[in-house]
Each structure stands twice: as structure tokens, then as C-alpha cells.
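Okay, thanks for squeezing me in. Have a look at the slide, and then I'll talk you through it.

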Amino acid sequence: MDFLKHIINGLGLGSIYALVALGYSMVYGIVQLINFAHGDIIMVGGYTLYVVMASLGLPLWVAVPASILLCALVGMIIERVAYQRLLVHNAARISLLITAMGVSIFLQNSFMLMFGSAPKHISVFPSQLIRLGSLEMDSSTAINIVVSVMMMAALQILVNKSKIGKAMKATSEDSGAAKLMGINTYKVIAFTFALGSAMAAVGAILYCNTYPQIKPDMGNLLGLKAFVAAVLGGIGSIPGAMLGGYILGVAESLTMAYISTTLTDAVVFGILILMLSVKPSGLMGKNRKEKV
Amino acid sequence: MKKRRVLSLVSAAVMLTGIVAGCKSKEDDKIIIGGLAPLTGNVAQYGQAVDNAVKMAIEEINEKGGILGKKIDYRSVDEKGDPTEAVNAYYSLVEEGIVALIGDVTSKPSKSVAQKAAEDNMPMITPSGSEESITKVGKNVFRTCFIDPYQGKLMADYAFKKLNAKSAAILFDTGDPYSTGIADAFDAAAKELGMTVTNKEGYASGSTDFKTQLTKIQGSKPDVLLLPVYYNDVALIAVQAKQIGITAKLLGGDGWAGVQNQLDEKNMDVLANSYFCNQYDPTSSDPDMQNFLKKYKERYKTDPIMFAVLGYDTAYILTAAIERAGSTDPDKIIEELKKTDYDGLTGKTVFNENRNPVRLAYITTFEGKKEKVLESYSVD
């Protein structure tokens with residue numbers, strides 16, 4: 001019974017990783033950039049919730065869209081200000097990577113200046129114990145899992161069915177050819193950043209609902225683990241990012257339960273090393289057509 | 001790496017000028033007391049609280065005429081919570097001619113400085129360095145706060161005798177000596193009292209997810225769950241404990257003080273059934289306490305935390321000892337510190353043979369967002 005509970009706890013945690021991993025994966029798929037500032041978008045989302053709800057005293061239904069919209073906007077601004085010129089001039093990958101780190105440091109420190117380094121408390125939905133037979137789980141865990149699955153489904157539909165989604169796919173497969181076909185690839189890239197950041201905002205909302213505390217550096221480890229999830233699942237693949245997130249969450253939970261409570265990070269990054277040495281393309285990264 | 005080197009060069013330069021300036025400014029009409037506190041960095045809030053309160057106390061003493069007929073010159077240095085910086089700062093204070101030292105604030109730098117102070121026979125009293133070994137390095141080192149193991153022992157005793165707990169679980173931070181100190185002592189004391197310790201689960205510093213450990217703990221249904229950690233972690237753990245469905249009474253040490261400010265209104269009920277030992281009673285009607293709370297708030301625009309209260313008492317304990325010693329001779333000051341019997345904000349303090357305080361702890365619970373002191377309690 002406990003085993004099942006640990007699995008569910010792990011899935012709840014993994015859902016957050018998965019949502020953040022989606023952003024890493026999509027951006028990588030389009031511009032082959034590992035956007036290290038992506039983890040900090042979660043932090044931006046968390047603080048937006050905090051400001052709207054705690055400081056302005058507005059209700060949740062205002063805070064959630066505000067957080068998603070602001071994160072999407074921040075994602076687009078980051079792309080415009082920090083990356084676009086580098087992309088236009090075909091700068092080396094390493095320059096992009098270092099710029100991403102710079103953006104991450106900038107975001108963390110500016111939020112530290114604005115809000116201080118002490119953690120802020122937050123609460124989103126009221127917590128409730130759900131009983132399924134003899135199995136108890138918290139509403140936050142259930143919400144995490146349900147929302148993450150819904151988000152992935154919606155994203156799949158958006159990418160495969162909508163016009164902009166198809167443009168995203170085309171850009172990721174061959175941006176030069178896409179441009180020749182009349183696709184405004186810059187618009188597509190901006191949209192991808194916005195979409196990825198919006199996903200991170202949803203991740204932030206789930207995070208705040210599960211762990212009611214936010215601080216300026218909260219995106220560091222969370223972002224890193226989500227990145228591991230994206231690589232594990234096959235970077236560039238949407239279902240892969242989800243799968244990677246869930247596997248990571250469950251692996252953490254089971255490590256804590258049965259091996260050692262202090263070795264979880266070692267296991268997470270151990271999985272990454274193992275995956276990279278056995279199958280560098282990730283679990284679902286084989287089929288290039290899957291890429292967004 | 002490079003940044004750090006530049007930083008240390010700069011701080012070395014700053015310190016050097018401090019030493020040079022210090023040599024010039026030795027004055028005979030003042031008694032210089034040194035202070036070490038992290039005024040910036042990760043633990044700045046503790047350092048600032050101690051430093052603010054000590055300044056307030058010294059000012060009050062100076063207004064009443066100072067000690068030994070002279071004014072006190074309190075000079076505090078920011079050591080950023082770093083043991084190396086703290087030792088360097090200590091040396092520069094010695095150069096400035098301090099007669100005694102208040103500090104350091106957190107355990108690790110306190111211990112490093114204590115070792116140097118022991119070599120110099122410098123009277124030293126740390127307001128809040130709680131790791132047991134700090135005062136053991138020399139007969140000149142005192143402290144105002146409880147040692148970590150004492151809190152563990154006290155809470156085990158309280159749980160057994162007053163809460164009628166038969167079984168207990170522990171969830172602690174394996175990377176923090178404060179947490180392991182309390183956890184180990186609680187574990188040992190609980191077993192000695194005949195309680196069953198069902199789980200002793202650790203977590204890595206900085207964790208935010210505790211559900212796995214809590215699920216394991218919930219499986220053994222203990223009467224009480226000890227969380228010997230600081231308020232930020234307490235807030236996270238208590239909320240998740242409720243999510244998992246744990247109904248055990250939650251216990252904690254003085255690191256809990258202020259946890260209610262880390263929780264949203266909607267989550268406040270997670271503290272409804274919890275008890276922690278505090279070192280002072282902020283709800284006390286004692287005029288001295290009320291006066292202190294008011295004055296501190298007016299002056300620093302924030303409510304004092306436990307560290308401020310300890311810093312305030314420490315300043316009075318040290319200056320009273322110097323006054324009684326009748327001179328600034330270190331041996332005499334140390335001798336008088338040993339004889340301390342001071343009735344301050346934290347209650348009546350005397351020192352035991354290890355120069356640790358013997359004092360009552362305040363068992364505190366929560367009523368909504370307010371702390372409520374149930375009783376004062378001690379264990380030997």
C-alpha cells in the first residue's frame with residue numbers, strides 16, 4: 001500500500017517536472033538552445049501569484065491567468081532581448097548558452113532585489129484529503145497529475161492540428177526551408193518561447209499549490225531537474241518530456257522511500273548519466289518527426 | 001572562483017585599514033566591546049537582529065552612565081556568516097582593544113572564533129551559537145541560548161510526561177548540526193523514557209518535497225512528530241504532513257519561532273496541534289518585555305525575533321559582569337560571568353559548569369496566527 005502511495009507522490013512531483021520540461025524541450029526543438037533561464041520562469045510565475053493574491057488581494061481566478069500571461073510575456077521578452085540577435089546572426093551555440101545563464105542570473109537577482117531573499121508564503125487551492133478505497137491522497141497531488149496530463153494533451157493537439165503548431169513543426173525540422181515556404185520563423189520562435197513559458201507558469205501554480213513557499217532561487221534545482229527530465233525523455237519530444245518528468249518524480253520518491261532520503265539528487269543525475277551513455281537521444285527522441 | 005578571490009583581497013584591504021585605524025583610536029575614557037554578526041549574506045536576519053538589540057541595550061546602559069564610570073563603545077563587524085571572515089574580524093577587533101566579545105551569532109563561525117578567543121583568554125559570550133561544543137573550547141566562552149541537545153531532551157520529556165505520547169517519529173535535516181543535535185538527543189531521551197521511536201527520517205538541506213518520508217511516518221501512526229528544523233522548513237513540512245493525513249502532534253525547537261508568518265491564512269490550521277520550546281515569551285505581560293518589543297519595533301520598524309531578545313540579554317549579562325569585576329581584567333570578567341544570576345527578558349539565567357545557561361523554556365503553541373505560551377518547563 002505504501003508502495004502505491006510513494007508512486008502517487010512521485011507522479012505528483014513528476015507532473016511539475018514534466019510541465020517545466022515541456023518548455024525546455026519545445027525551445028530546444030525549435031532553436032537548439034538549452035534555455036537555462038527557463039527554470040527561473042517558474043519563479044516569475046510564483047512571484048506573480050504572490051503579488052496578485054497576497055499583495056493586491058485579488059482572487060485566484062485573476063491570479064492564475066495573470067501569472068500565465070505574464071510568464072508568456074516574460075518568455076517573449078527574453079527571446080526578443082537576449083536571444084533574437086544571436087539567432088539572426090547565427091551565433092555559436094555556446095554564446096546562446098552563456099546568454100541563457102546570464103538571463104537566469106539577472107532574473108534571480110532582480111527578484112531578490114525586489115522581494116528580498118527570504119522565502120514568501122503562498123497558498124493556492126484549499127487542500128483536501130481524497131480517499132479512494134483505502135488509498136488516501138491529497139487534492140494537490142491529484143490536481144498536479146490531472147492538470148499535467150491535460151496540458152500535454154492540449155499541447156499535442158495544438159502542435160499537430162493548429163496552423164501555428166504546424167509552423168512550429170516545420171521550423172523545427174528545417175527553419176531555412178520553412179522560411180522559404182513563407183513561414184515567419186521569428187514569430188514562430190517567439191510563440192514557442194511564450195508557450196513554453198506559459199507551461200512553466202502552470203508548473204509554478206502547481207508548485208505553489210504543493211509547496212507553499214517561494215524564493216528567488218527556487219528555479220535553480222527545479223529547472224535543472226526538469227532539464228534532466230527533458231533529456232531523459234528525448235529533448236524535443238513533447239510526450240518524452242512528460243514521460244521523463246514522471247519517471248524522475250517516481251525515481252526520487254522511491255529512492256527516498258527505499259534507498260536513502262539524502263541520495264535523491266545523486267539518483268536523479270545518475271539516471272541522466274546512464275541515459276546519456278546508453279541512449280543519448282533519450283527515451284522517445286529517436287523519431288525526428290516527433291520534434292516540435 | 002575569481003570573484004571570490006577579488007572579494008577576499010578587498011576585504012583583507014578593508015581589514016588592514018581597520019587595524020591601522022584601530023591602533024590610533026585606542027581611548028582610555030571608553031570601554032570597547034566587540035561584536036561579531038553576519039549583517040549580510042544568508043543568515044543576515046539573525047545577525048542583524050542580534051546586532052540591533054545589542055546596540056539598543058548598550059545605548060540604554062550608556063544613558064544610565066555606562067560601566068566602571070566609562071561609556072561603552074560597541075563595535076560590531078559583519079562576518080557574512082563565514083568562519084574565516086569571522087576569525088579575521090575577531091583579530092581586527094582585538095587590535096582595536098576590545099575587552100570582551102559578544103558573538104558570534106551562528107554556530108560554525110562562533111566555534112572558529114571561540115578557538116581563537118580561548119588562546120587569547122578573551123571573555124566571549126555568544127548570544128545564539130547553540131552547537132554544544134562551542135563553549136567547550138575554553139573557560140572564557142559562554143553562551144546565552146540553549147544548547148541543541150537540551151531542546152531535544154526537553155521536548156522528549158514534555159511529550160512523554162505532558163502529552164502522554166507513547167510513540168514518536170522524527171524528521172530532520174541531515175545537513176544541519178542544529179537539526180541533528182536536537183534529533184539525536186530527542187531520540188536518546190525518548191527511548192530512555194520508554195517511548196518508541198517509530199521513524200527517524202532525514203532529508204537533505206534545501207529539500208522542498210517531504211511527502212515520501214511523511215508517508216512512511218504516517219504508516220507507523222506515531223503520537224508525536226518532532227521537526228527539529230527552522231521555520232521555513234517547518235512551514236513546508238507541516239503543510240505536507242496535513243496533505244498526507246498525519247494527525248500526530250507536531251513538536252519543535254526554538255527554530256520554529258515565527259513559523260506562523262511563513263504560512264498563508266488558509267494553511268494556518270496545520271499548526272493547530274503543535275508545541276515548540278521557545279527561549280522567551282513574546283506574549284508576556286512583563287513590562288520589561290513589552291517595553292523591549294515596543295522600543296525595538298519603533299526603532300527598527302520590524303518585530304524582534306528570538307535572536308534579538310538573546311542579544312539584548314547578552315549585552316546586559318556581559319556589561320553587568322564587567323561592572324561587578326571592577327576592572328577590564330579578562331580573568332576577573334570571566335570569573336564574574338560565571339557568577340551571573342540575571343533576570344532578563346528570557347527569564348532567570350545562571351550558567352552551569354559548561355558555561356551554558358540553566359533556564360526555563362517556554363512551551364508554546366498556536367492559537368490561530370498567535371503564539372500562545374502554555375507553561376515554562378525544564379528538564380535536568
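I'll go through the domains, then the cysteines, then the chain contact.

First, a caveat: this is a predicted model. So everything I quote is computed from that model, and please hear it that way.

Let's start inside chain B. The domain assignment splits chain B into domain 1, which is 2-145 + 287-345, and domain 2, which is 149-278 + 361-377. So how far apart are the C-alpha centres of the two domains of chain B? They lie 31 Å apart.

Now, what do these domains share? On the domain 1 side of chain B, five residues make contact, and they meet six residues of domain 2 of chain B. Between them, the two domains of chain B bury about 560 Å², with 58% of that on carbon and sulfur atoms. If you want names from domain 1 of chain B, B:Tyr46, B:Ser130 and B:Met306 lose the most area to domain 2, and together they give 55% of what that side buries. By class, the domain 1 side of chain B that touches domain 2 has two nonpolar, two polar and one charged residues. What about salt bridges between domain 1 and domain 2 of chain B? The count is zero. Polar contact between these two domains of chain B comes to one residue pair, both at pLDDT 80 or more.

Okay, cysteines, for the redox-minded among you. Searching the whole structure over all chains turns up zero disulfides. Take B:Cys145: its nearest cysteine sulfur belongs to B:Cys277, and that is 12 Å away. Why is there no bond for B:Cys277? Because its closest cysteine sulfur, in B:Cys145, sits 12 Å off, which is too far. And are they buried or exposed? B:Cys145 has 2% relative accessibility, so it counts as buried. B:Cys277 is at 1%, so it counts as buried too.

Last bit: chain B against chain A. How many residues does the contact take from each chain? It takes 28 residues from chain B and 28 residues from chain A. The area buried between chain B and chain A is about 2,400 Å², and carbon and sulfur atoms give 50% of it. On the chain B side, B:Lys211, B:Thr212 and B:Gln243 lose the most area to chain A, together 23% of what that side buries. Across this interface of chain B and chain A there are zero salt bridges, but there are eleven residue pairs in polar contact, both residues at pLDDT 80 or more.

That's my lot, so over to you.

Notes: Residues numbered from 1 in each chain as written. Chains lettered and ligands numbered in written order. Predicted model: local features only at pLDDT ≥ 70, side-chain atom pairs only at ≥ 80, totals over all residues. Heavy atoms only, no water. Domains from an automatic or database assignment. Contact = heavy atoms within 4.5 Å. Buried area = accessible area lost by both parts, 1.4 Å probe. Salt bridge = Lys/Arg side-chain N within 4 Å of Asp/Glu carboxyl O. Polar contact = N/O pair within 3.5 Å; in protein donor to acceptor, adjacent residues only side chain to side chain. Nonpolar A, V, L, I, M, F, W, Y, C, P; charged D, E, K, R; others polar. Disulfide = S-S within 2.5 Å. Buried < 20%, exposed > 50% of the residue type's maximum accessible area, 1.4 Å probe, protein only.
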